[in-house]
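Reader: Can you walk me through this one? I'd like the core, the chain contact and anything odd in the backbone.

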Amino acid sequence: MNGKSLQKSAMSRREFLSLSALGLGVSLAGTQPSPSPAPRSASPDELAILYDPVKCVGCRACQMACKRWNKLPAESTDPLHIYESPQGLSAITWNIIRLKRTDTGWHFFNYQCMHCTDAACVEVCPTGALYHDPRGFVGLNRDLCNGCGYCTQFCPYGVPHLQTTNILTGEAKSAKCTFCQDRIQSGIGGPSCAEACPVGALVWGKRGDLLEKARARVTELQSQGLNARIYGENEAGGLHRLSILLDAPEQYGLPAVPKTPGFARAWQRVIQPLGNVAFGATIVGILGAFLIARRNIRMEEVR
Amino acid sequence: MTVQIKGRPEAITIQWIPKYTLLERFGHWMHTASFVPLAITGMVLYFPFLQPLAQGAAGEFFRLVHRVAAVIFGALPIIYFIFQPRRLIMNIREFLPSKEDIGWLKAAPAYYLFGRHEAMPPQGRFNAGEKLNGLIMIVAWVVFGLTGLPMWFGKGIIPPEIFRWLVLFHDLAMIASVCMFLVHLYLAVAHPLMWAALVSMRFGVTSADYAAEHHAKWYYGPKRAMEIYEARKREAAQKGH
């Protein structure tokens, strides 16, 4: 009787040990390090474009230069072909002059990729096709793109567009302004839009210099009684397309606070790691259960 | 049918009773054959370390596989509903929770790890674990469809604010169903006590003894099953004293 109870307690200790080993395995699987990227901030030496809507005359030379350099076909928007002008950004229009009537009058606004420091598109891109160039801008390597379209859904400015060739198979390529990455990388010159601007409304250069220039210009415009401000100094970690605005950002169709990277991060840095913890715990749990069950269950006793 | 098992002196007789129809077994294996490629091709976009497989032509190939498999995965329950609607509704009803399920889940670790079955409350045609698997797979099928189809055909039409939630819920359904699938795979393929599972899914029958042991409410009916369960509990309590 005594021996039997001893055996019984030894048995339950073994059970206890194997169960706690299982628990330990599960918790170890849960403690994988979560990626914590160093906070990026735009350096003054990085390249940027500055847009001044007061100087802009709306000639659309930037639009044309962009199409020409990037070999983008024309877009037909008028069935009578009398006045054709793209209505907004698309897979074949990466730079556009928007004309907007507001309470304070007509506003020109050159719209293109804002080249965020904290770019949602780079964050969500699963292929690495969208990347931060060390010179500051957000480039796009189309050979790596598989057309998943996450960038088109997460950009707070609605910039990337998919060039879809087949809706059924989903064959597509992302397209957006690349700061004329090929011109910059091969040293030909600056972005074609800024090079083409005849009135100096679009200029390119080092971000620090452009910010200084923008501040001086804002002071000058304010002294003329205009409600001038800089957009892009701190938005989304600092944009590499700086703008001078004469009104609230919303009047130009720009978000006052571009929020999207927060959602992208919640998805990729919280839900996905949690999923990995769930996968790890499941696999470790199954392996543990397999080893314990194999020792304890005798097939001869199974009905 | 008589079989001789190694390690047992006497041959044992197995009485087989029907459990699954041919369409159910076909559906089950087609579900497997579509779920596994869907999971693998989807993970290409999910795991950062698989990035090289997501790039360019490779990524496009995986998307094509994902979409072909998705059509099969989506169509299977609809085919089942068209040909055997009564069986489908019966099965969904049997997946619904009953009051013994909590007791079963509590007793399950001792049973699955150490083979002790005394505390297991009687179960219907599906036990609580199978119900959990079935319900998660049904919910996942609905979520995959409701999020996957708009992601396929609605890109550029659906506002990005909604699209982001679709991506998120597609991921959540994948995490839940893949975890459940792994447990299901282990129990069906590698767990010694679940030897009848693969037989049932291949030939559509289960052993009468296995059914009496694991699905007493189905085999004996709820009343008789509870009587046997209570008697077994009394016996175990007497032994314990």
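Author: What follows takes those topics in turn, for a model that is predicted.

Reader: Start with the core. Which residues touch the most other members of the largest nonpolar core?

Author: Cys121(A) and Leu202(A) do, in a core of 64 residues.

Reader: What does Leu202(A) touch, leaving out residues up to four places away in sequence?

Author: Leu202(A) touches Ile49(A), Tyr51(A), Cys62(A), Asn110(A), Cys193(A), Ala194(A) and Cys197(A). There is also a second, separate core of eight residues, with Ala196(B), Tyr210(B), Ala211(B) and Tyr219(B) among them.

Reader: Cys62(A) is in that list. Which residues of its helix, α2(A), are buried?

Author: Helix α2 of chain A covers residues 61-69, and Cys62(A), Gln63(A), Ala65(A), Cys66(A) and Lys67(A) are buried there.

Reader: And what do the buried residues of α2(A) pack against?

Author: Two strands listed as β2 (96-102) and β3 (105-111), then α6 (192-196) and β8 (202-206), each in chain A. After α2(A) comes Lys71(A), with a positive phi near 55°.

Reader: On to backbone oddities, then. What is phi at Phe179(A), and where does that residue lie?

Author: Phi of Phe179(A) is near 65°, which is positive in a residue other than glycine. Phe179(A) sits in the loop that runs between β7 (171-175) and α5 (181-185) of chain A.

Reader: Is Phe179(A) buried or exposed, and why?

Author: Phe179(A) counts as buried because it has 30 C-beta neighbours inside 10 Å, and the cut-off for that is 20 or more.

Reader: What about Cys180(A)?

Author: Cys180(A) also has a positive phi in a residue other than glycine, near 50°. Cys180(A) is found in the loop between β7 and α5 of chain A. Cys180(A) is buried, since 25 other C-beta atoms lie within 10 Å.

Reader: Switching to the chain contact. How many residues does each chain put in?

Author: Chain A gives 37 residues and chain B gives 41 residues. On the side of chain A that touches chain B, the elements giving two or more residues are α4 (150-154) and α8 (261-296) of chain A. The largest share of that side, 15 residues, comes from α8(A).

Reader: How do the residues of that side of chain A divide into nonpolar, polar and charged?

Author: The side of chain A that touches chain B has 20 nonpolar residues, twelve polar and five charged.

Reader: Now chain B by itself. What's the secondary structure?

Author: Chain B has eleven helices and four strands. The C-alpha trace of chain B spans about 70 × 40 × 35 Å along its principal axes. Of its 241 residues, 24% count as buried. Among chain B contacts between residues at least 6 apart in sequence, 63% join residues at least 24 apart.

Reader: At what angle do α1(B) and α7(B) pack?

Author: Helix α1 (residues 22-46) and helix α7 (residues 160-189) of chain B pack at about 130°, and their axes are 11 Å apart. That angle is why α1(B) is oblique to α7(B). Their crossing is left-handed.

Reader: Which residues make the contact of α1(B) with α7(B)?

Author: From α1(B), Phe35(B), Ala39(B), Gly42(B) and Tyr46(B); from α7(B), Asp171(B), Met174(B), Val178(B) and Phe181(B). By type, the residues of this contact are six nonpolar, one polar and one charged.

Notes
Residues are numbered from 1 along each chain as its sequence is written. Chains are lettered from A and ligands numbered from 1 in the order in which they are written. This is a predicted model: local features need pLDDT of at least 70, side-chain atom pairs count only at pLDDT 80 or more; totals for chains, interfaces and linings use all residues. A nonpolar core is a set of buried Ala, Val, Leu, Ile, Met, Phe, Trp, Tyr and Cys residues joined through C-beta atoms within 7 Å. A residue is buried if 20 or more other C-beta atoms lie within 10 Å of its own, exposed if 12 or fewer, and partly exposed in between; C-beta atoms are placed from the backbone. Two residues are in contact if their C-beta atoms, placed from the backbone, lie within 7 Å. Ala, Val, Leu, Ile, Met, Phe, Trp, Tyr, Cys and Pro count as nonpolar, Asp, Glu, Lys and Arg as charged, and the others, Gly among them, as polar. Axes are lines fitted to C-alpha atoms, for helices over the stretch in contact, and angles run from 0 to 180 degrees between N-to-C directions. Angles under 35 degrees count as roughly parallel, over 145 as roughly antiparallel, 65 to 115 as roughly perpendicular and the rest as oblique. A crossing is left-handed if the near helix is turned anticlockwise from the far one by less than a right angle, and right-handed if clockwise.
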